[in-house]
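Please examine the sequence and the three-dimensional structure shown below. The paragraphs that follow lead from a single residue to the whole chain and then to selected strands and side-chain pairs.

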Amino acid sequence: MGSAPTPARTASTSAMLLITLLNVAVFRPTTSDPSDEACLTHLSESLQDPTKSLQNWTKSTFANPCSGFTSYLQGATCNNGRIYKLSLTNLSLRGSISPFLANCTNLQALDLSSNFLAGPIPSDLQYLVNLAVLNLSSNQLSGPIPPQLTLCAYLNVIDLHDNSLTGPIPQQLGLLVRLSAFDVSNNKLAGPIPVSLGNRSGNLPRFNATSFEGNKELYGYPLPPLKSKGLSILAIVGIGLGSGFASLVLSFTGVCIWLKITERKMALEEGKISHLMPDY
């Protein structure tokens, strides 16, 4: 019969097994989510990095950008192995915003502010259903604000100030009940400010004029009435003075003509009377 295992041998075996399991858990090679990898790859291809700020943005890193809560990419924050936040602010980046950002489906914050990005805001961002913060301010973005952003129901910050965005503010954005910060100032937007954003009811946060100013063709509350498509005070005063002066000139001219005609009539009448008078 074989001898029974001693307590010491059993403890040693258990310890070795535990160490082996820990090694497997810690050093096991991991790969990124395929969606995150596609998102990062296409975003990198759409950006130009003249200051070489994103040196570790390489294909090999895209294949494994996260390990749990640890990120290996500059500007990226990870949560449970997925890209949770992208913050690439003030890096002098050029290029455009890739629509493939929509593949980072776990993204909750996207901040690309203070760069030189151009082109449109991709409507594909609507697929970032977990997105809470969208900051694309201080770039050179153009085109309309996508109404599809309304599908990002968790959005509580939309900051698009200091771009060249055109067209109206989508009324649908007023349906974002979590929206607590909204800024589209200093763009080229036009049309009325949606009541659902400019004059929100109930307990919904309200946005003041600073959120909308700097758009020459934008009008409505909370902007002052004179910021509307109507005439400015100077224009109104100028038109008033001009029309008043024109009326004065016309009136004076009319009086002169009337006096001239009256004078001629009187001359003619005097001529008739003098012709009829007898000579003495």
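Does Ser-211 count as buried or exposed? Ser-211 counts as buried, because its relative accessibility is 7%; buried means under 20% relative accessible area, exposed over 50%, and partly exposed in between, with a 1.4 Å probe and protein chains only. This is a predicted model, in which local features need pLDDT of at least 70 and side-chain atom pairs count only at pLDDT 80 or more, while totals for chains, interfaces and linings use all residues. Residues are numbered from 1 along each chain as its sequence is written, and side-chain values use heavy atoms, with hydrogens and water left out.

Ser-211 belongs to the loop between α4 (195-198) and β15 (217-219). Helices (H or I, at least four residues) and strands (E, at least two) are DSSP runs, numbered from the N terminus. The side chain of Ser-211 reaches the backbone oxygen of Phe-182 at 2.8 Å, a polar contact being a pair of N or O atoms within 3.5 Å; within protein, one must be able to donate a hydrogen and the other to accept it, and residues adjacent in sequence count only if both atoms are side-chain atoms. When its neighbours within four places in sequence are left aside, Ser-211 is in contact (heavy atoms within 4.5 Å) with Phe-182, Asp-183, Val-184 and Ser-185.

For the protein as a whole, the secondary structure comprises five helices and 15 strands. Of its 280 residues, 32% count as buried. Among the contacts with a separation of 6 or more, 51% are between residues 24 or more positions apart. The protein exposes about 16900 Å², of which carbon and sulfur atoms supply 62%; accessible areas come from the Shrake-Rupley method with a 1.4 Å probe, and for residues only the protein chains shown count as cover.

The strands can be considered next. Six of them form an open sheet with mixed pairing, in the order β4-β5-β7-β9-β11-β13. Since β4 and β13 (181-183) stand at the edges with a single partner strand each, one side of each is left without a neighbour in the sheet. Two strands pair if DSSP finds at least two bridges between them. Neighbouring strands of this sheet are turned by 15 degrees against each other on average, direction ignored; the axes are lines fitted to C-alpha atoms, for helices over the stretch in contact, and angles run from 0 to 180 degrees between N-to-C directions.

At one edge of this sheet, β4 (residues 76-79) pairs with β5 (residues 82-87) in the antiparallel sense over four bridges. In a regular strand the side chains alternate between the two faces of the sheet. Along β4, Ala-76 and Cys-78 point to one face and are buried, whereas Thr-77 and Asn-79 point to the other and are not. The bridge partner of Cys-78 in β5 is Ile-83, and Thr-77 stands opposite Lys-85. The two strands form a hairpin with two residues between them.

Which backbone values deserve attention? Most residues other than glycine have a negative phi, and most peptide bonds are trans. Asn-80, in the turn of the hairpin, has a positive phi of about 55 degrees although it is not a glycine. Asn-80 is exposed, with a relative accessible area of 63%. Ser-114, in the loop between β7 (109-111) and β8 (116-119), likewise is not a glycine and has a positive phi of about 60 degrees. Ser-114 is partly exposed, at a relative accessible area of 33%. A cis peptide bond, with omega of about 10 degrees, joins Tyr-221 and Pro-222; Pro-222 is placed in the loop between β15 and α5 (233-276).

The structure also holds two salt bridges, each defined as a side-chain nitrogen of Lys or Arg within 4 Å of a carboxyl oxygen of Asp or Glu. In one of them, the side chains of Asp-33 and Arg-82 meet at 3.8 Å, N to O. Asp-33 lies in the loop between α1 (7-27) and α2 (34-46) and Arg-82 in strand β5, so this pair ties together parts that are 49 residues apart in sequence. Asp-36 and Arg-82 also meet in a salt bridge, at 2.9 Å, N to O. This pair links helix α2, which holds Asp-36, to strand β5, which holds Arg-82, across 46 residues. Salt bridges that share partners thus join Asp-33, Asp-36 and Arg-82 into one network. Within it, Asp-36 and Arg-82 are both buried, Arg-82 at 18% relative accessibility, whereas Asp-33 is partly exposed, with a relative accessible area of 24%.
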